[in-house]
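Here is a walk through a protein chain, taken step by step. Have the structure open beside you and turn it as you read.

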Amino acid sequence: MKILLTGGGRMGRMVQEEVRQKGWEVLAVLDKENAGRLAELQRADLVLDFSHPDMLEPLQAYVRRTQTPLLSGTTGYDEAGLARLRALGEVVPVLYSANYSLGIALLGRMLRQFGPALLESFEPELVEKHHRLKADAPSGTAILLADALDPDRQLRRVSGREGFCGQRSRSEMGMFSVRGGTVAGEHTLYFFGEDETITLSHTAASRRIFAAGAVKAGSLLVRRSPGFYTLEDILFASPKEERTVLG
């Protein structure tokens, strides 16, 4: 397969290593500085995008011109940017996820399935930890998990508490970001009830799991018809327990 890689940061470099290990051809590696090349570049079999929201406009034009499937793990998109990604699904298969870990996909599925029951009796708080170089907060994965738990955003998301802030309301969910060192990623959801607490947690020992997961998901995405997909759509063949596991 011919792969176009957009994004030259840590994650982009790891994805590039995974692509080369599979023996795929790297058509080009582009970033914001040389994004203009997209206007003339030939069609790839797949775009793997781990760049920056500023890359979306030239990338969108390239995908529409060449009809190349797009897998994106770029974080920091606002609602308008996500809407533009969804619109690309009208012409090509598009997969967007803030996290390509199998564990996070399974955790998200658990939250969608059991979230209503949990929220009836428990008060949720979410804590995420990342390395000192991470620029966005809360993390894209934290937002992904919060959306899985509360898809209609009925809970007010609180990013900090200080001073005399009053009693905690049942209509809020705390989301707290911790930064430091070389932490690849930790996400913990606490569900506080009367005299009991449920804790769901995922820890990434290395960012390489995200790169490997993205490359595997990309190999599955190119078989799909046009549409906008989540990682759960790619991993799970149906609403039943049948599933394709990243390996």
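**A guided look at the chain**

Let's begin with helix α6, which is mostly covered, with 10 of its 14 residues buried. Bear in mind as you look that this is a predicted model. The buried residues of α6 are Phe210, Ala211, Gly213, Ala214, Val215, Ala217, Gly218, Ser219, Leu220 and Leu221. What do the buried residues of α6 pack against? Their partners are the helices α1 (10-21) and α7, along with the strands β3 (46-49), β4 (70-72), β5 (93-96) and β11 (227-229).

You can also check the length of this helix for yourself. At 1.5 Å a residue, α6 (residues 208-221) should span 20 Å, and its end C-alpha atoms are indeed 20 Å apart, so the two values agree.

Now hop over to α7, one of the elements that α6 packs against. This helix covers residues 231-235, and Glu232 sits in it. Is Glu232 buried or exposed? Its relative accessibility is 15%, and because buried means under 20%, Glu232 counts as buried. Setting aside neighbours within four places in sequence, Glu232 is in contact with Ala105, Gly108, Arg109 and Arg112.

Next up is helix α5, residues 140-149, which is mostly covered too: 7 of its 10 residues are buried. Those are Gly140, Thr141, Ala142, Leu145, Ala146, Ala148 and Leu149. The cover over them includes helix α4 (102-121) and the strands β6 (123-130), β7 (156-158), β8 (172-179) and β9 (186-192).

Zoom in on Thr141, which lies in α5. Thr141 has a relative accessible area of 4%, so it is buried. Leaving out residues up to four places away in sequence, Thr141 touches Ala98, Asn99, Ile104 and His187. For a sense of scale, try drawing a line from Thr141 to Gly23: their C-alpha atoms are separated by 29 Å, and the two residues are 118 apart along the chain.

Strand β8, part of the cover over α5, is worth a stop as well. Gly174 is found in this strand, and at 0% relative accessibility Gly174 counts as buried. Which residues does Gly174 touch, not counting those up to four places away in sequence? They are Pro124, Glu125, Leu126, Val158, Arg161 and Arg168. For a link back to where we started, look from Gly174 to Phe210: the C-alpha atoms of this pair are separated by 26 Å, with their positions 36 residues apart along the chain.

Time to step back and take in the whole thing. The chain holds 7 helices and 11 strands. Its radius of gyration is 19 Å, close to the 18 Å that the globule rule gives for 247 residues, so the chain is as compact as a globular protein of that length. Along its principal axes, the C-alpha trace spans about 60 × 40 × 30 Å.

How much of the chain is buried? Buried residues make up 47% of the 247. As for how the chain meets itself, take the contacts between residues at least 6 apart in sequence: 67% of them join residues at least 24 apart.

Finally, the outside and the charges. The accessible surface comes to about 12,500 Å², and carbon and sulfur atoms account for 49% of that. There are 31 positive and 31 negative side chains, and the centres of the two sets lie 6 Å apart.

Terms used. Residues numbered from 1 in each chain as written. Predicted model: local features only at pLDDT ≥ 70, side-chain atom pairs only at ≥ 80, totals over all residues. Heavy atoms only, no water. Helix = DSSP H or I, 4+ residues; strand = E, 2+ residues; numbered from the N terminus. Rg over C-alpha atoms; globule rule 2.2 N^0.38 Å. Buried < 20%, exposed > 50% of the residue type's maximum accessible area, 1.4 Å probe, protein only. Contact = heavy atoms within 4.5 Å. Areas by Shrake-Rupley, 256 points an atom, 1.4 Å probe, with all protein chains shown as cover. Lys, Arg positive; Asp, Glu negative; His and termini not counted. Charge placed at Lys NZ, Arg CZ, Asp CG, Glu CD. Expected span 1.5 Å × (residues − 1).
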